[in-house]
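Q: Please take a close look at the largest pocket. Walk me through it step by step.

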There are 2 protein chains.
Amino acid sequence: MHSADAVESIQREMTVFARRARASAGRLHPELSLVSYTLLGHVEESGGCRATDLAAHYALDKSTVSRQVAGLERAGLIERRPDPKDQRVQVLHLTRSGRHILDRVTQSRRAAFRERLTGWPAEDLRRFAEYLVRYNA
Amino acid sequence: MHSADAVESIQREMTVFARRARASAGRLHPELSLVSYTLLGHVEESGGCRATDLAAHYALDKSTVSRQVAGLERAGLIERRPDPKDQRVQVLHLTRSGRHILDRVTQSRRAAFRERLTGWPAEDLRRFAEYLVRYNA
DNA sequence: TCGGGGTGGTTGGGTTGTGCAACCATGGGA
DNA sequence: TCCCATGGTTGCACAACCCAACCACCCCGA
């Protein structure tokens, strides 16, 4: 396989993956869309972040994030705390319920993934993940 | 990095990638969305296929494909030919114009990708593509 | 000190991609 | 000949987006 073909494949397969991921996420966890799940995960990992941070990291319009965040708050999964340093800012944090649901969904997603990746050598998994991170950096 | 973390990363980074791809595709080629481009590419590669084939391969609902195909036909990029073996079937083929646009967009996408992947050893590219194909298989 | 450009966030409006369900037409056996 | 399966279209609803306009607040320089 030449580099040009590899590039072609990467592009196409990523697209296929994304579509399937979204579809199956919707089926498995009606309570938490793939987008919500991703944002929720980011909020947890970051230990409190702003809507703008989410928008920048996921290349989303701030209006999109604003609405997603509103939905998550309405669902009681995150809460907004004022930033004492800057009155414009709302720092997002998971609620107890948000953490709980995130954990449940993560478990179940992980199980599905693991099944899918059964038989992959650990080394390949590691390298696959590393490629993706490097690409998106 | 342990396997569980790798799995987590793969999932997340794929999502990020997909979103960026869609956004940038829309910006670079307003005349051909990412979905259209993908389907068009598949039709060319297969050398004539049915809408149902597309739906199966991309895990899309047949109604979605039907509408996408209708759009591509309206745009003059593909044409439907009756299948002599089965009157229900419409075999999809690229038109001259479809082939032309597909080529142009492919060139430009490839250039963008290549720039992005500058500095990647060919071996890594090859392996990255292989992982993706294996995963989606 | 005050005015203005920059930044965080919300809202209104519109587009696109998608799935589900109901439907039609054709095909292929029992 | 009937009946079910299959390929495809259409109506309907919805989620995720983006852009533009807007408000509130921050901060820097004249």
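**The largest pocket**

A: Start with confidence. Chain A of this predicted model has an average pLDDT (the predictor's confidence in each residue, from 0 to 100) of 86, and 93% of its residues score at least 70. Strand S2 (residues 86-94) of chain A is highest, at a mean of 97. H1(A) is lowest, at 71. Local features need pLDDT of at least 70, side-chain pairs 80 or more, while totals for chains, interfaces and linings use all residues. Residues count from 1 along each chain, chains are lettered from A and ligands numbered from 1 as written, and side-chain values use heavy atoms, without hydrogens or water.

Now the pocket. It holds about 510 Å³ of space. (A pocket is an open set of points on a 1 Å grid where a 1.4 Å probe fits, with protein on both sides within 12 Å along at least five of seven lines; lining residues have an atom within 4 Å of a point. The volume is what probe spheres on the points fill.)

The lining has 23 residues. Closest to the centre are A:Ala18, A:Arg22, B:Ala18, B:Arg19 and B:Arg22. By type, 14 lining residues are nonpolar, four polar and five charged (Asp, Glu, Lys and Arg count as charged).

Which helices supply the lining? Chain A gives H1 (3-28), H2 (34-46) and H4 (62-74). Chain B gives H1 (3-28) and H2 (34-46). Each supplies at least two residues. (Helices are DSSP runs, H or I, of at least four residues; strands, E, at least two.)
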